[in-house]
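Trainee: Hi! Could we go through this structure together?
Mentor: Happy to, let's put it up.
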Amino acid sequence: MRQYYFVGFMIAIYLVVYFTSPVLFHDSMLENYSILLQVIPILALVFVFIFFFNLFLKPDKIKKHLGKEAGMKGWVFSIVAGILSSGPIYVWYPLLSDLREKGMRTSFMGTFLYNRSVKLPLLPIMIYYFGFIYTLILTVYIILTSVIVGYLTELVVDDESKSNLYKRKDN
Amino acid sequence: MNHIGKSAKKTLNALNQSLPVVVGVIMAISLLKTAVPESLYSTIFTGNILIDPFIGSLIGSIAAGNPITSYIIGGELIKQGVSLFAVTAFLLSWVTVGIISLPAEMDILGKKFALARNIICFIVSFLVAILTVITLGIVGEL
């Protein structure tokens, strides 16, 4: 039930906006439509992934490739998957949640999410605005620091996140 | 067949858990994008080389939308004399920190994970901005 709190809160705000600023409400609704058109295909893909992961990937496989014992392979996989994944960041939360339940390491989740800032299709636009050298240096730093971000996130979170997950399941 | 049914049930459960939160985030982003004009960003910077990167990280964390928008705004900010430190911090936090999507992240991935990740990314965006500009200076590109 708590998953509906935030959307309920936003609907309440939209109702206020509808009565106080109809133009803003109208423009926001158009923006909603535009974002939804972009998000729906990726979201559908994410849930297809979740379905097939549940069907074919057993927790021991996830633990082996993305768990504590994955080692360097896990880091490389998180970096590459983060760079290649497209769409808004929040679309990928359900899949990560599902993979974590199966044993994915917290640091790999952090690294995956951080590497989503490397946008391969947008690199030419970044080069146009900021130059090739700047884009190259920034991209290399993003990839390198993604490991630090993942590691630090795990250091802060680790055991706590698992206990929260179990608490939520109990609810 | 039983496996397919179980997987479908788990997927529907994930859909039920995540979809309302994602829709809430989309509603928040749409309202923010519509209510805050892009021209407003440049008026917030002070010209101070130490404060501006912090402001850049802060605005980037709150702002939402396609990264192309951040490149365009970043390009304009540089033209208006905002430091490259500030613009780099802005670009980085735009894509790595998500205050608007924080409720969704907390709900789906856990409060502690979401808060820790976003705070770490905020600090790192600052540090990477400094490293990037220093490196640019070293290679003679400034």
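Mentor: Let's begin with Asp158(A), which is buried, with a relative accessible area of 16%. Keep in mind that this is a predicted model.

Trainee: Got it. Why does Asp158(A) count as buried?
Mentor: Because the cut-off for buried is under 20% relative accessible area, and Asp158(A) has 16%.

Trainee: Which side chain does Asp158(A) meet in a salt bridge?
Mentor: Asp158(A) pairs with Lys68(A), at 2.9 Å from N to O. This salt bridge links distant parts of the chain, with the two residues 90 apart. Lys68(A) sits in the loop between helices H3 (59-66) and H4 (72-84) of chain A, while Asp158(A) belongs to helix H8 (residues 132-170) of that chain.

Trainee: And Lys68(A), buried or exposed or something in between?
Mentor: In between: its relative accessibility is 47%, so Lys68(A) counts as partly exposed.

Trainee: Which residues are linked with that pair in a network?
Mentor: Arg105(A) and Glu154(A) join Lys68(A) and Asp158(A) in a network of salt bridges.

Trainee: How many salt bridges are there over all chains?
Mentor: A search of the whole structure gives 7. One of them pairs Lys33(B) with Glu31(A), with the closest N and O atoms 3.0 Å apart.

Trainee: Where do those two residues lie?
Mentor: Lys33(B) is in helix H1 (residues 2-35) of chain B and Glu31(A) is in helix H2 (residues 22-56) of chain A, so this pair joins two chains. Lys33(B) counts as partly exposed, at 33% relative accessibility.

Trainee: What about Glu76(B), which residue does it form a salt bridge with?
Mentor: With Lys79(B), and there the closest N and O atoms are 3.4 Å apart. Both residues are in helix H4 (residues 67-79) of chain B; being 3 residues apart, they are separated by about one helical turn. Glu76(B) is partly exposed at 35% relative accessibility, whereas Lys79(B) is exposed at 68%.

Trainee: New topic. What secondary structure does chain A have?
Mentor: Chain A has 8 helices and 0 strands, giving the pattern α-α-α-α-α-α-α-α along the sequence. Its C-alpha trace spans about 55 × 50 × 30 Å along the principal axes.

Trainee: How much of chain A is buried?
Mentor: 49% of its 171 residues count as buried. As for contacts in chain A between residues at least 6 apart in sequence, 77% of them join residues at least 24 apart.

Trainee: Can we zoom in on a buried residue?
Mentor: Try Val149(A), in helix H8 of chain A. Val149(A) counts as buried, with 0% relative accessibility.

Trainee: What does Val149(A) touch?
Mentor: Leaving aside residues up to four places away in sequence, Val149(A) touches Gly110(A) and Tyr114(A), along with Ile120(B), Cys121(B) and Val124(B). The C-alpha atoms of Val149(A) and Phe108(A) are 9.5 Å from each other, with their positions 41 residues apart along the chain.

Trainee: Okay, helix packing. How do H2(A) and H5(A) cross?
Mentor: Their axes come within 9 Å and cross at roughly 15°, where H5(A) covers residues 93-101. That makes the two helices roughly parallel, and the crossing of H2(A) past H5(A) is left-handed.

Trainee: Which residues meet there?
Mentor: H2(A) brings Val46(A), Phe47(A), Phe49(A), Ile50(A), Phe53(A) and Asn54(A), and H5(A) brings Pro94(A), Leu95(A), Asp98(A) and Leu99(A). By class, this contact has 8 nonpolar residues, 1 polar and 1 charged.

Trainee: And in chain B, what is the angle between H3(B) and H7(B)?
Mentor: Helix H3 (residues 51-62) and helix H7 (residues 111-138) of chain B pack at about 135°, with axes 10 Å apart. They are therefore oblique to each other, and H3(B) passes H7(B) in a right-handed crossing. In this contact, Pro53(B), Phe54(B), Ser57(B), Leu58(B) and Ser61(B) of H3(B) meet Phe122(B), Ser125(B) and Phe126(B) of H7(B). The classes are 5 nonpolar, 3 polar and no charged residues.

Trainee: Last one: why is H6(B) largely enclosed by the rest of the structure?
Mentor: Because 6 of the 8 residues of H6(B), which covers residues 102-109, are buried. Those buried residues are Leu102(B), Ala104(B), Glu105(B), Asp107(B), Ile108(B) and Leu109(B). Just after H6(B), Gly110(B) takes a positive phi of about 105°.

Key
Residues numbered from 1 in each chain as written. Chains lettered and ligands numbered in written order. Predicted model: local features only at pLDDT ≥ 70, side-chain atom pairs only at ≥ 80, totals over all residues. Heavy atoms only, no water. Salt bridge = Lys/Arg side-chain N within 4 Å of Asp/Glu carboxyl O. Helix = DSSP H or I, 4+ residues; strand = E, 2+ residues; numbered from the N terminus. Buried < 20%, exposed > 50% of the residue type's maximum accessible area, 1.4 Å probe, protein only. Contact = heavy atoms within 4.5 Å. Axes fitted to C-alpha atoms, helices over the stretch in contact; angles between N-to-C directions. Parallel < 35°, antiparallel > 145°, perpendicular 65-115°, else oblique. Left-handed = near helix turned anticlockwise from the far one by under 90°. Nonpolar A, V, L, I, M, F, W, Y, C, P; charged D, E, K, R; others polar.
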